[in-house]
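Open the model in your viewer and keep the selection panel at hand. The tour goes stop by stop, with something to select at each.

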Amino acid sequence: MAPLITLATCALNQWSLDFEGNLQRIKKSILKAKEAGATLRVGPELEIPGYGCLDHFLENEVYDNSWDSLYSILTDPELHDIMIDVGLPILHRNCRYNARAIVLNGKILCLRPKLYLANDGNFREMRFFTPWNRPRHVEDYYLPPYIQKHQGSRHVPIGDVVLSTFDTALAAETCEELFTPNSPHITMGLNGVEIFTNSSGSHHSLRKLDERIALISEATRKNGGVYLYSNQLGCDGDRLYYDGSAMIFVNGDIVGQSSQFGLNEVEVVVATVDLEAVRSYRFAPSRGMQAVAAPEYRRIEVDFSLSHENLDLDEQHSATARRPPRYHLPEEEIAYGPACWLWDYLRRSKAAGFFIPLSGGIDSCATATLVYSMCRQVVKAMKEGNAEVIADVKRIAAYTETLPSTAEELCNQVLCTSFLGMKEQSSKETRERAQALADRIGAYHTDTNIDDVFHSTRNILTSATGFEPKFKVHGGTTTQNLALQNIQARSRMVISYYMAQELCEVRGRPGGGSLLVLGSSNVDECLRGYLTKYDCSSADINPIGSVSKVDLKRFIAWAAEDFDMPILKDFIEATPTAELEPITAEHTQSDEVDMQMTYKELSRFGTLRKVNHLGPFGMFLVLLEEWGGEGEDRLSPREVADKVKKFFHFYQINRHKQTVATPAYHAESYSPDDHRFDLRPFLYPSAFQSWSFKKIDARVEALEQRIQKKKNEANASR
Ligand SMILES: Nc1ncnc2c1ncn2[C@@H]1O[C@H](COP(=O)(O)OP(=O)(O)OC[C@H]2O[C@@H]([n+]3cccc(C(=O)O)c3)[C@H](O)[C@@H]2O)[C@@H](O)[C@H]1O
Ligand SMILES: Nc1ncnc2c1ncn2[C@@H]1O[C@H](COP(=O)(O)OP(=O)(O)OP(=O)(O)O)[C@@H](O)[C@H]1O
Ligand SMILES: NC(=O)CC[C@H](N)C(=O)O
């Protein structure tokens, strides 16, 4: 019988280029793993410099510093007696590799470079690294001189290897390799590898954890084995939030899972597993037939036992029981992910808090609710005794000597909101909703009118040219109507930055400080371009910029119950409106009327454009199936065509706005973010003269002729 083995994986809140902080968190995780009796610890991808260094991976200094950190791990005797799988970038024969060092008792056993790099969506690993791309190939890696001295040899093996200990075999695959069709774990498993490690730099996106769980579960269900998944956690200096969820699987089942969103900088997951369960799982002769035909790996012999053969631990421990996977609802993912990201951003930027221009509409309400959600998590972590969080709150919550004890108290210290209204345009309802929300969450709120700024800006044009622009409801043209709306929108941006800079002084915050302006444009408005360029959407950061309106509404409905905030129901029921035009008895502005499409339709267009990679004609064909056909609520081919064409027209003429979009938390797979995720032109030829639109027209005409023919035949046969 095989003895039991205790293994550990972890989620670490690394920060790009924070070599000292990263090293300290790595060491802490190793010590925690050791304390729990583990003999193997796996850490996140590129954990030494942090995963998100991006073009810094082209700087040699990052490689040197990473070796310095590794040297510190090798020479720390407290980190001995445990096998360590740690991520770092390395230079080998002048090529850069995203690698792992497998280390034991102060010596490097081998280096394992990533075979297949992640290079889609937000990932650009091919920009910095070379893929090893040669399964099972091994070479000699020449160590830096001071490491050679310490190691007692000039080189160590580098490549796709298997490690054989006294009692089992293990091997490493790295993040994306799990997602590829021909994952290394398949051949490794057929070669008798019983333990797989995977270190990841995998960011959050709504509903993505399901995919990871399905992949790992499938990998070990088919082939048997123990799978240790490690991931980075938190904001490491970018739009991305790495959502932890370190996990241990045995033969398709989860036996350990860390939190997906949390404020702990170091989370270690430990499980005790019975290797006999893996061996007996691999009984099928069909597997055996593939195993004997599988190509062989070079084995590194390791004089170490992962099991507790001679320890009392065996008697005390039994294998960790399997448990169901823990998923959050998408509305919970929105409540927790952006909130944790905001916290990391706030503490790491050393800002004094946030400023939100609060309109009384649902979007800025969602942004404010996320800051409140952040405060709830921070206060909870303080109550649990989280020392790092307490230290950060001591610096940030400077208004009082004592630490805030409720989310509302903390929110009062870190959040200022302002209603920036106009006498004729702003309704009593929005003004009151903004005030009521601020009161409920404890924000410091001001209610002010910006009519003076509006009128004086408008009058500048009049005194310069004699021309007097008017709103449409007062007889103005569309251009005049838009120009006047944009004065309001853009002056709100200037006023917001002014407020953000001065409010700490106004409130007498010891040490002063200034606030970060938070934006509130959602993914659908960005996609359609229904926002004013350089208005409040041009904020410092935006926690909801990649969340759809449909999901935002679900989140607000969830928060109304879960955060006990009945006031949020009023926001859901209100008709979304920009309130940029004067309200009259006959006219109140409404988003969906203005946009000429619904938020639900926008979500579908967005998904088909980005996730399904469809152009206008392809989208038309898909939507024809979905929305077209016979029946009362079905659309004719021409109606479907009009919707698709309208969407592409507005998307294309407004794409330029995405070039200045506020850095937003990445959450949605159809995000139009022009900076890192959705790389497209921003000067398009006219959509209406496009080849695709002509194809749509031709197909509509053909379909209409067919429909007419059918009708004629039906009439004739009556
Ligand atoms: N191809 C191109 N490349 C680069 N820049 C280009 C461009 N075409 C126009 N532009 C620039 O963009 C400007 C037009 O864009 P922009 O100034 O945004 O103005 P515009 O898109 O004309 O108007 C803003 C729209 O957003 C709506 N809205 C809805 C909800 C809230 C808010 C709000 O702000 O609170 C606004 C508002 O009702 C209106 O329909 C042009 O004046 C020009 O400066
Ligand atoms: N009266 C106002 N007071 C303060 N801020 C405002 C006001 N009107 C608009 N804003 C700011 O400008 C942003 C964009 O305005 P817009 O009317 O498009 O809002 P929205 O996208 O519909 O969001 P919301 O649902 O928050 O109104 C808002 O999210 C808000 O931050
Ligand atoms: N760092 C990686 O290799 C990540 C790629 C992977 N597709 C993910 O999103 O998790």
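Select Ser245 first. This residue of the predicted model is buried, because 27 other C-beta atoms lie within 10 Å and 20 or more is the cut-off. Look at its backbone: phi is near 60 degrees, a positive value in a residue other than glycine. Ser245 sits in the loop between strand S12 (242–243) and strand S13 (247–250).

Now follow S13 to the loop between S13 and strand S14 (253–257), where Asn251 is placed. Is Asn251 buried or exposed? Asn251 is buried, with 21 other C-beta atoms within 10 Å. Its phi is positive too, near 45 degrees, and Asn251 is again a residue other than glycine.

**Domains**

Zoom out and colour the chain by domain. The domain assignment gives domain 1 (4–307 + 319–327), domain 2 (331–594) and domain 3 (596–718). Show domain 2 and domain 3. Their centres, taken over C-alpha atoms, are separated by 32 Å. Where they touch, 26 residues of domain 2 are in contact with 24 residues of domain 3.

Which elements give two or more residues to the domain 2 side of this contact? They are helix H11 (330–349), helix H18 (523–528) and helix H19 (549–562). H18 provides the largest share, five residues. By class, the domain 2 side has twelve nonpolar, nine polar and five charged residues.

**H11 against H12**

Stay with H11 and add helix H12 (362–383). The two axes come within 8 Å and cross at roughly 75 degrees. H11 is therefore roughly perpendicular to H12. Show side chains at the crossing. From H11, select Ala335, Tyr336, Pro338, Ala339, Cys340, Leu342 and Trp343. They meet Leu370, Val371, Ser373, Met374, Gln377 and Val378 of H12. This contact divides into eleven nonpolar, two polar and no charged residues.

**A covered helix**

Next, select helix H14 (residues 407–414). H14 is mostly covered, with six of its eight residues buried. Which residues of H14 are buried? Pick out Ala407, Leu410, Cys411, Asn412, Gln413 and Val414. Now show what covers them. The cover includes H12, which you have just seen, along with helix H13 (387–396) and helix H15 (428–441). Strands contribute as well, including S17 (353–357), S18 (415–421) and S19 (444–449).

**Ligand 1**

Centre on ligand 1. How many residues surround ligand 1? There are 14, and the closest are Ala489, Thr532, Lys533, Ala578 and His656. Highlight helix H17 (residues 478–506), which gives the most to this shell, with four residues. Colour the shell by class: seven residues are nonpolar, four polar and three charged.

**H23 beside H25**

For the last stop, select helix H23 (residues 616–627) and helix H25 (residues 691–717). They pack at an angle of about 30 degrees, with their axes 8 Å apart. That angle makes H23 roughly parallel to H25, because angles under 35 degrees count as roughly parallel. On the H23 side, show Pro616, Phe617 and Phe620. Opposite them in H25 are Ser692, Phe693, Lys695 and Ile696. By class, the contact has five nonpolar, one polar and one charged residues.

Key. Residues are numbered from 1 along each chain as its sequence is written. Chains are lettered from A and ligands numbered from 1 in the order in which they are written. This is a predicted model: local features need pLDDT of at least 70, side-chain atom pairs count only at pLDDT 80 or more; totals for chains, interfaces and linings use all residues. Axes are lines fitted to C-alpha atoms, for helices over the stretch in contact, and angles run from 0 to 180 degrees between N-to-C directions. Angles under 35 degrees count as roughly parallel, over 145 as roughly antiparallel, 65 to 115 as roughly perpendicular and the rest as oblique. Two residues are in contact if their C-beta atoms, placed from the backbone, lie within 7 Å. Ala, Val, Leu, Ile, Met, Phe, Trp, Tyr, Cys and Pro count as nonpolar, Asp, Glu, Lys and Arg as charged, and the others, Gly among them, as polar. Domain bounds come from an automatic or database domain assignment. A residue is buried if 20 or more other C-beta atoms lie within 10 Å of its own, exposed if 12 or fewer, and partly exposed in between; C-beta atoms are placed from the backbone. A residue is near a molecule or strand if its C-beta atom, placed from the backbone, lies within 6 Å of it.
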